[in-house]
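Me: I should like to learn how to read the secondary structure of a model, its packing and its backbone angles. Please take me through the features in turn.

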Amino acid sequence: MYRRNLLRLLVVLTGLAVSLPQAFAKVEININKGNVEPLPIAVTDFVAGGDLGQRITDVIAADLKRSGLFAPVNKQAFIEKISNPDQPPRFDDWKVINAQALVTGRVTQEGDGRLRAEFRLWDTFAGQQLTGQQFYTQPENWRRVAHIIADAIYERLTGEKGYFDTRIVYVAESGPKTARKRQLAIMDQDGFNARALTNSNELVLTPRFSPSRQEITYMSFEGNQPRVYLLQLETGQREVVGNFPGMTFAPRFSPDGQRVIMSLQQEGNANIYTMDLRSRTTTRLTSTAAIDTSPSYSPDGSQIVFESDRGGRPQLYVMGADGSGQRRISFGDGSYSTPVWSPRGDLIAFTKQSGGKFSIGVMKTDGSGERILTSGFHNEGPTWAPNGRVLMFFRQSAGAGGPQIYSIDLTGYNEQLIQTKGFASDPAWSPLLE
C-alpha cells in the first residue's frame, strides 16, 4: 500500500491569530531577479515535541536551505529560547543576529493518538506575524508535515508555490556495470523514505508521473517483451497500456492525465503516437523516416516538444497537439535530446551533447535564450519541480561507479547531490501531493 494514510492528513488553513496588527511583510524574496542572496531565517525547535520537535524543524531548515533562497541561522547563535510559541518573540533578540524571518512552533500528541503540529512565521524587522497554520496527522507522517510547513514558508516569502511535499520516482541501479539490475523506486524529494516499486528481475526505464493522481507510467522489459505499464501507487495495481508492434519509448502523460504520448518503432524508424487511456485508441502524430521520440506536452496541452534526427542529428521540434505545424526550435552546436516542458509553460529543459560533454540546459519555447545550467562527462534526463524553478537530472561520472541524481535551480548556481542508497537514474518529479 502506498502510504494510504498520507491522504488522511488534515490541514487546517486558518491562521493562528495573535494580538498583533496585520500588515504587508517587509521580508520577501524576489526570485525573478537571477542570482538571489539567501534570506537569513531562524527555525527554532518546536516546543513540547522533544526529539520529534527538533527533527521536524531540522527537515524544515534543510528544505529551505536546499532551495538556495534561504540561509538558516545557526541555532547556537540564538539568544531567545522560545518556550511559548503563542506569544510574540523578542524581536530585538532576532534582529541582532540578522534573522530576518523567524519560525516558531509546537508539536503535541492528541488524545486520539494523532500528531498536532503548528507553526508561526514572523517578520522580525517589521515585528509581525506573517502566517500561521496547524496540521493533524498520524505520527509516522511527521516528515511530510515538515515538508508542508516548508512549502507554506516558501510560498509566503516568495509568492510562489513550494515543491517540498513531493516525490521522485526513479530507476534504482545495483550490481556490477556489466550485469546491472534496475528496478523502479520512489522517494521523497530530499531522498528520504525510499522504497522499491518493482522487483530487480525486470529491466525498467523512463518512469513518469501522472499530473492528476498518484499514478506512473514506465517501460518494462519483463519477459524480454518491451511494454508500457501504468502503476497505481496507492494500491500497487499494475496494468499494461497496450501491446504494440516493435519497441515503445519514453511514455509520458498528457496534462489532464487522460492520455499517454510515446514513440513507437516500426520498420527501422520511430514516430510519435498518443493513446486515450479510456478507449485505448491510438493516434499517430508524426510520419517520417527519421527517429522521432521523447515527446512532452506543454502544460496547457496545446503543444508538444519532441526530439527528432530528421535533419541529420537529434534536434528539438515543436508541433501542435494534433501533430500540425512541426517546426525545429534548436539550432546550437551539438545534439539535443530528452526535452521536457516546464510546468510554468515558459521554458523547455533538455540534454545537449557537444564538445565531448553532456549538458543540462533550458531554452524558451521558441528556441531562443538557450542557457546551459551544468555540464559534465554524462548528464541526462532533466525533470521539473512542480513550480518550474528547480530541475533534477542524473549524472554518470567517468570511470567506475554508477549514475547519481542531482538537483539544480534555474540560476545554475545551486547544484546538489540527492543522496540515494545505491546508484540512481532517470528521475521524474511528482506534482504537489494533495
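The dialogue below goes from sheets to helices and then to single residues.

Me: What should be known about the model before reading it?

Reply: This is a predicted model, in which local features need pLDDT of at least 70 and side-chain atom pairs count only at pLDDT 80 or more, while totals for chains, interfaces and linings use all residues. Residues are numbered from 1 along each chain as its sequence is written, and side-chain values use heavy atoms, with hydrogens and water left out.

Me: How is a sheet read, and what is the order of the strands in the open sheet that contains β18?

Reply: Strands of a sheet pair through backbone hydrogen bonds, either parallel or antiparallel. Strands (E, at least two residues) and helices (H or I, at least four) are DSSP runs numbered from the N terminus, and two strands pair if DSSP finds at least two bridges between them. Here the open sheet has four strands in the order β18-β19-β20-β21, with antiparallel pairing. β18 (292-297) and β21 (327-328) stand at the edges with a single partner strand each, so one side of each has no neighbour in the sheet. Strand β20 (residues 315-320) pairs with β21 in the antiparallel sense over two bridges, and valine 318 stands opposite arginine 327 in β21.

Me: Which strands form the edges of the sheet β10-β11-β12-β13?

Reply: That open sheet has four strands with antiparallel pairing. Its edge strands are β10 (204-209) and β13 (238-242), each of which pairs on one side only. The twist averages 30° from one strand to the next; axes are lines fitted to C-alpha atoms, for helices over the stretch in contact, and angles run from 0 to 180 degrees between N-to-C directions. Within the sheet, strand β11 (residues 215-220) and strand β12 (residues 227-232) run antiparallel and are joined by six bridges. The bridge partner of glutamate 215 in β12 is glutamine 232.

Me: Is strand β16 buried or exposed?

Reply: In a regular strand the side chains alternate between the two faces of the sheet. Buried means under 20% relative accessible area, exposed over 50%, and partly exposed in between, with a 1.4 Å probe and protein chains only. Eight of the eight residues of β16 (residues 269-276) are buried, so this strand is largely enclosed by the rest of the structure. Asn269, Asn271, Tyr273 and Met275 point one way, and Ala270, Ile272, Thr274 and Asp276 point the other way.

Me: Which strands pair with β16?

Reply: Strand β15 (residues 259-266) runs antiparallel to β16 and is joined to it by eight bridges; serine 263 has isoleucine 272 as its bridge partner in β16. Strand β17 (residues 282-284) also pairs with β16 in the antiparallel sense, over three bridges, and tyrosine 273 stands opposite arginine 284 in β17.

Me: What is the sign of phi in the residues of these hairpins, glutamate 267 and arginine 280?

Reply: Most residues other than glycine have a negative phi, and most peptide bonds are trans. In the hairpin of β15 and β16, with two residues between the strands, glutamate 267 takes a positive phi near 55°. In the hairpin of β16 and β17, with five residues between the strands, arginine 280 takes a positive phi near 65°. Arginine 280 is partly exposed, with a relative accessible area of 29%. Asparagine 98, in the loop between α2 (91-95) and β4 (101-109), has a positive phi near 60° and is partly exposed at 38% relative accessible area.

Me: How do helices α1 and α3 cross?

Reply: Angles under 35 degrees count as roughly parallel, over 145 as roughly antiparallel, 65 to 115 as roughly perpendicular and the rest as oblique. The axes of α1 (residues 50-66) and α3 (residues 142-158) come within 8 Å and cross at roughly 45°, which makes α1 oblique to α3. The crossing is right-handed: the near helix is turned clockwise from the far one by less than a right angle, whereas anticlockwise would be left-handed.

Me: Which residues meet between α1 and α3?

Reply: Contact means heavy atoms within 4.5 Å. Residues of α1 including Leu52, Ile56 and Val59 meet residues of α3, among them Trp142, Ala146 and Ile149. The residues of this contact divide into ten nonpolar, one polar and three charged. Ala, Val, Leu, Ile, Met, Phe, Trp, Tyr, Cys and Pro count as nonpolar, Asp, Glu, Lys and Arg as charged, and the others, Gly among them, as polar.
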